[in-house]
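Please open the structure in your viewer and keep the selection panel at hand. The stops below each begin with something to select, followed by a description of what is found there.

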Amino acid sequence: MLRLGRLNDDNLLDVAAVGFGTNSVSVMLSSTGGPNPPVEYPVLHGGREDLEVADVTGDGRDDLIVMSGQTYASPNFSVLAQLASGGFASPVEYRVGEGILTSGIGVGDVTGDGRNDVVASYQGLAVFAQTPLGTLSEPTIYPTDNGAKPVEVVDVNLDSRPDVVTAHNSSNVVGVYLQQPDGSLASEDEYGFPVAQVGPHSLAVGDINGDGAPDVVIADRAHGLVVLYNTLPEQTNGSSSADAETGSSATVPEPDRSCRPGTEPMTMCKGGGRSAPESSDGRRARSARAERARRPENGLTWLYSAIRW
Amino acid sequence: MTSDDRPDVVLTTGRASTPASEYRVWVFPQGSDGQLGSPDSFSHFRAVAGSVAIGDVSGDDREEIALGLEDHGLQVGPQVPPGVAIWPMPHQIEMGACSASGA
């Protein structure tokens, strides 16, 4: 598992990496003359790791967040703070609770206070909010009815509040937790799609069709590249969405609902995959999903494509 | 990855039923019409790439692909098609069939 970030003060992009159960994290600093040899920092992790590089201590420097997804002896994740003098501090350990194994982490301001928080997935979703002191608080737990795995923090509904996107292994569901104006997360919205197996690094979010809305891509063993195009809210009042509590509005690009050549597009909507029949009659299954797609509850809909090559 | 300011999708494959698809890095370029084009690909070592990241780690103002390879440590290649450089890393990277990174 590797991530890129600014791990010293030279403004070059550096590499951090963890291996399976190695109990260390490697930092390879870039330089104009080429990469430097890796420097290892000890940190407990027992396998099935995830890794993030971000400032979670509030000092403007990227830190290392190492998640362990195996063995209860290891903490769920550890933060190695980047030091002003260079290098990294000893790990500070965090746990969701006893007897819990996490399966993915993400970083972003999901509490609306301008500070990066850590979000960990397991049989629920745990938000460790960053405090003004640059530490992480006890977790706030959000339920999910199935194990979530990869975690990304992205503003998917373009309301300037980062949201949480996850995927549920082997259950055909992408989950979205929308951040609310009060800094809490709404209950999970589930969007069905066919996917067989996801890992902590199998999901990414970004605008891959140029319409200004972040889309979801998933690398799946059975289906190839799975794309969920974010079609943005089903507008009923023109081209802007109004925030009911703040009164603010955001311009919403016109959704691109065109079909992609060589793919099998279908509009997916909340709850579509979990309850949709796994029928050999694909036409019937699509029809059931399309019916649900006409009744979006939070305005978000997605256009699904599986790209094989 | 294609220097047009449009995010592309990079995906890696490990073991696959089709040998031609195994152990490769795939770049799906976003076209000016917002559609993903047919992927370009290049092979890496016969190893599972459990992780992939994109960024300018060489400081040349172009983005590279960094791969974490099981048994082979870390591999960093400049833009596709890459010449590769290998940094030794005393780690085994976690097994995984695929990894994706976008944007």
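Select chain B to begin: the chain has 0 helices and 8 strands, where helices (H or I, at least four residues) and strands (E, at least two) are DSSP runs, numbered from the N terminus. Read along the sequence, the pattern of chain B is β-β-β-β-β-β-β-β. This is a predicted model, in which local features need pLDDT of at least 70 and side-chain atom pairs count only at pLDDT 80 or more, while totals for chains, interfaces and linings use all residues. For your selections, residues are numbered from 1 along each chain as its sequence is written, and chains are lettered from A and ligands numbered from 1 in the order in which they are written.

With chain B still selected, note that buried residues make up 47% of its 103 residues; a residue is called buried if 20 or more other C-beta atoms lie within 10 Å of its own, exposed if 12 or fewer, and partly exposed in between, with C-beta atoms placed from the backbone. Among contacts in chain B between residues at least 6 apart in sequence, 39% join residues at least 24 apart, a contact being two residues whose C-beta atoms, placed from the backbone, lie within 7 Å.

Next, move to chain A and select strands β9, β10, β11 and β12, which form an open sheet in the order β9-β10-β11-β12 with antiparallel pairing; two strands pair if DSSP finds at least two bridges between them. β9 and β12 (140-143) of chain A stand at the edges with a single partner strand each, so one side of each has no neighbour in the sheet. Neighbouring strands of this sheet are turned by 20 degrees against each other on average, direction ignored, with axes taken as lines fitted to C-alpha atoms, for helices over the stretch in contact, and angles running from 0 to 180 degrees between N-to-C directions.

Now narrow the selection to residues 104-108 of chain A, which are strand β9, and where 5 of the 5 residues are buried. In a regular strand the side chains alternate between the two faces of the sheet. Both faces of β9(A) are covered, with A:G104, A:G106 and A:G108 buried on one side and A:I105 and A:V107 buried on the other.

Add residues 117-121 of chain A, strand β10, which pairs with β9(A) in the antiparallel sense over 5 bridges, and look for A:I105 opposite A:A120. On adding strand β11 (residues 124-128) of chain A, you will find that it pairs with β10(A) in the antiparallel sense over 4 bridges, and that A:V127 in β11(A) is the bridge partner of A:V119.

Select β13, β14, β15 and β16 of chain A next, as these 4 strands form an open sheet in the order β13-β14-β15-β16, again with antiparallel pairing. Its edges are β13 and β16 (189-192), each with a single partner strand, so one side of each is left without a neighbour in the sheet. Within this sheet, β14(A) and β15 (residues 173-177) pair over 5 bridges, and A:A167 stands opposite A:V174 in β15(A).

Finish at two loops of chain A. Most residues other than glycine have a negative phi. Select A:R48, in the loop between β4 (39-42) and β5 (50-54), where phi is positive at about 50 degrees although the residue is not a glycine. Then select A:L158, in the loop between β13 (148-154) and β14 (163-168), whose phi is also positive, near 55 degrees. Which of the words buried, partly exposed or exposed describes A:L158? A:L158 is partly exposed, with 18 other C-beta atoms within 10 Å, whereas A:R48 counts as buried, with 23 C-beta neighbours inside 10 Å.
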